[in-house]
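Colleague: I would like a close look at one part of this model, with the surroundings it sits in. Please keep it brisk and go residue by residue.

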Amino acid sequence: MALMGIQLVVSLLVGSIMQRMAPHYSFARWLLCNGSLYRFKHPSEGELCALAGKQVPRNNRRDRRHNGAAESKPLTVPKDIDLHLEAAPIGALDALVLRFFLEYQWLVDFAVYALGVYLFTEGYYCLADASKEVNIGAIWCFLAVLFTVRTLFTLMSHYFRSEEGGERSVCLAFGFLSLLVAMLVLVVRDDYLEFGLEPGLAVVFDNLEAFLKQQGWYWSIPVTRLGLKLGLAALCSFIGALLAFPGLRLAQTHLDALDMNSDRPMIQILLHASFLSPMVVVLLWVKPIARDFLESAPLGNSTVSLMSSSTFDSVRLWTVLALCALRLALARHHLQAYLNLAHKWVEQMKREAGRIAAIDIQRKVTRVFCYLTVVTLQYLGPILLMAFSTLLLKSLGGHSWGLFPDSPGPPPAVLPPAPLPTAAPPGVEDEDGGEEYEEDLQATVARFSAALSALRAALTPGFYRGLFSFLTWWVAACQVISSLFGVYFHQYLMHS
C-alpha cells in the first residue's frame, strides 16, 4: 500500500488550512450569523415597568419590612401587558455565548473539510489508478461519523445529568425500543431488506477461518456470528437513544415551520418532503418496493426493466444525498421556527391572568436563544450521519456514481494460503547472536504483515456494503420512529 501519496499530502494540507482558517472564517459561524436568522431580545426591567405603568424601583428591587428585617422582593408585572419583543439578527459576538458553540463549530467545519477531501479523492480515483493506495477520503468520512456520534453523545449525557429525570427516561425508552426493533430487523431475510449483511459476513468469516487455520487456531463460526449480531444490535440501540431527542425536536420545529410559512405553499411542500425524506430512505432498501419494482416493473402481462442493478445502486446513493441536501437547505426555516418560540411564549403568556416575575420573562426569552446551537446540532447530526454513511457505502462498498466507469476492485474470494517463514535461512551466527536476532525480527515482521494483509482481504467490499447499507438505513429508521412520535406528542398529547 502506497501510504505517502498525493492523497496524504492533500489531507495534511487541508488539515493545516482548517486549523488556520477557523478563527477567520467558519462555515458553522456563517450558518448562524449570515443575517438570515433573527433572535428576540429580552426586555429590561425598565421596559417592563413602563408597560405595567410603574416607576423603576431603586436598585431594581422593592424592599419590605418583616420583623424589623429588610427582605428583597422580585419585581412582578401583569401577564397581560402589551409586550412586544425586539428582533435582531444574530451576530458573531452573540454566538459566542451559546451553549456547545465550540463543539458545533468544530463538527460542522470538520464535516465541510471532510467533504472537500472526499470530493478530491473521488476525482483522483477517476483520473488515476489508485487501487493500491489507502482511501484518505473514506478515513475523513469515518472520522466525521465518529465526531458526529461523539457530539450527539455529549448532548445526550447533558440530558442524563438533568435533575428532573424525564429526559433520561425518554432516552432509555427509545434505546430499549431500538434494541427490540434492531433484533427483529437483523433476522429479516435479504429478499425483503436487501442490506447484503449475511453474504458479506459469510465471506469475511470464510477468509478469517482460512487464515486462522494456517496459524493453528480454530473457532466456532455460529457463536462468532451471534456475538457480532448482538454487538450490532447494541450499537443500533445506542444510535436510537442518540437520535431520540433530535427526532422529537425535528417534529416540533417542523410543525412550527409550517405555521410560520402558512402563506407560502411551495415552502410547505418542501418542508413536508424534508420531513418524510427518512421514510423514503427506509423504502429504498425494501427490495419488493424499490429494486424489484424498478428492475422488473409489471406492464400488462409482461415486465419491463427500467434500470439495471448497478444503475439502481447509483440512483439510490444519489437519492439519499439529494434528500440530505434538501434537509440542509431547509435548516434556516427550522432554526427560525425554533427562535420564534420566544415570541410564541410571550403571546401565550399575554392570554393568561395573574402576575409573573420580570426575571422569569427575561430567563425564558434568553433561554431560547442560548440553546440555539443545541437545536442546530440536533438538526444537523442525523443529516451528517446519513450523508457520510452513504459516502462510505459508495467508497468502501464498491459502488459507482454512474457518471464514470469505476475501476473494478478485487473479487471477494477466499484468501489463499499466506506464506509464512517456517525455518530460519542458513547463515553463520556470530558470537553475539546478531543474525539470530535479525532472523527472529524478520519472522515477526512477516507474520504481522501477513496478518494485516489477511485482515484487509477479509474485509471485502461486500462486507462494507452490507454494514454501511444497514447503518444508513438504521439512521433513517430511527428518525422516522422518533419524529413521528414527536408529531403525535406535540399535536395530541401536549394539547390533551
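Modeller: Of the 496 residues in the protein chain, 43% are buried. The model is a predicted one. About 26900 Å² of the chain is exposed, and carbon and sulfur atoms supply 63% of that area. The secondary structure comes to 19 helices and eight strands. Among contacts with a separation of 6 or more, 81% join residues 24 or more positions apart.

Take L32 as the part to look at. L32 sits in helix α2, residues 27–33. Is L32 buried or exposed? Its relative accessibility is 0%, so L32 counts as buried; the cut-off is under 20%.

Which residues does L32 touch, once neighbours within four places in sequence are left aside? The list is L37, I90, L98, Y104, L335, L372, T373 and T376. A92 gives a distance to go with this: L32 and A92 are 60 residues apart in sequence, yet 8.4 Å apart in space, C-alpha to C-alpha.

Now follow the contacts outward. L32 touches L335, L372 and T376, among others. L335 belongs to α14, and L372 and T376 belong to α17. These two helices also meet each other. On the α14 side the residues are A331, H334, L335, Y338 and L339. On the α17 side they are L372, V375, T376 and Y379. By type, the residues of this contact divide into seven nonpolar, two polar and no charged.

Next, the geometry of that pair. Two packed helices are described by the angle between their axes and by the distance between those axes. Helix α14 covers residues 331–339, and helix α17 covers residues 372–396. Their axes come within 11 Å and cross at roughly 145°. The crossing is right-handed.

Back to L32, and to another of its contacts, Y104. The structure holds 18 aromatic pairs. In one of them, the rings of F101 and Y104 have centres 6.2 Å apart and planes at 45°, so the pair is tilted. Both residues lie in helix α5, three residues apart, about one turn of the helix. Y104 has a relative accessible area of 0% and is buried. F101 is buried too, at 4%.

Just before this helix comes F100. It lies in the loop between α4 (92–95) and α5 (101–127). What is unusual about the phi of F100, given that it is not a glycine? The phi of F100 is positive, about 60°. With a relative accessible area of 15%, F100 is buried.

Other aromatic groups are worth a look. W106, F110, W140 and F147 form one aromatic cluster. W106 and F110 fall within the range of α5, residues 101–127. W140 and F147 fall within the range of α6, residues 136–160.

F153 is also in α6, and F238 is in helix α9, residues 221–242. Their rings form a tilted pair, 5.9 Å centre to centre with 45° between the planes. Because the two residues lie in these two helices, the pair ties together parts that are 85 residues apart in sequence. How do their accessibilities read? F153 is partly exposed, with a relative accessible area of 42%. F238 counts as partly exposed as well, at 30%.

To return to the starting point: L32 is buried, and its contacts include Y104, L335 and L372.

How values were computed:
Residues numbered from 1 in each chain as written. Predicted model: local features only at pLDDT ≥ 70, side-chain atom pairs only at ≥ 80, totals over all residues. Heavy atoms only, no water. Helix = DSSP H or I, 4+ residues; strand = E, 2+ residues; numbered from the N terminus. Buried < 20%, exposed > 50% of the residue type's maximum accessible area, 1.4 Å probe, protein only. Axes fitted to C-alpha atoms, helices over the stretch in contact; angles between N-to-C directions. Left-handed = near helix turned anticlockwise from the far one by under 90°. Contact = heavy atoms within 4.5 Å. Nonpolar A, V, L, I, M, F, W, Y, C, P; charged D, E, K, R; others polar. Areas by Shrake-Rupley, 256 points an atom, 1.4 Å probe, with all protein chains shown as cover. Phe/Tyr/Trp six-rings, centres within 6.5 Å; stacked < 30°, edge-to-face > 60°.
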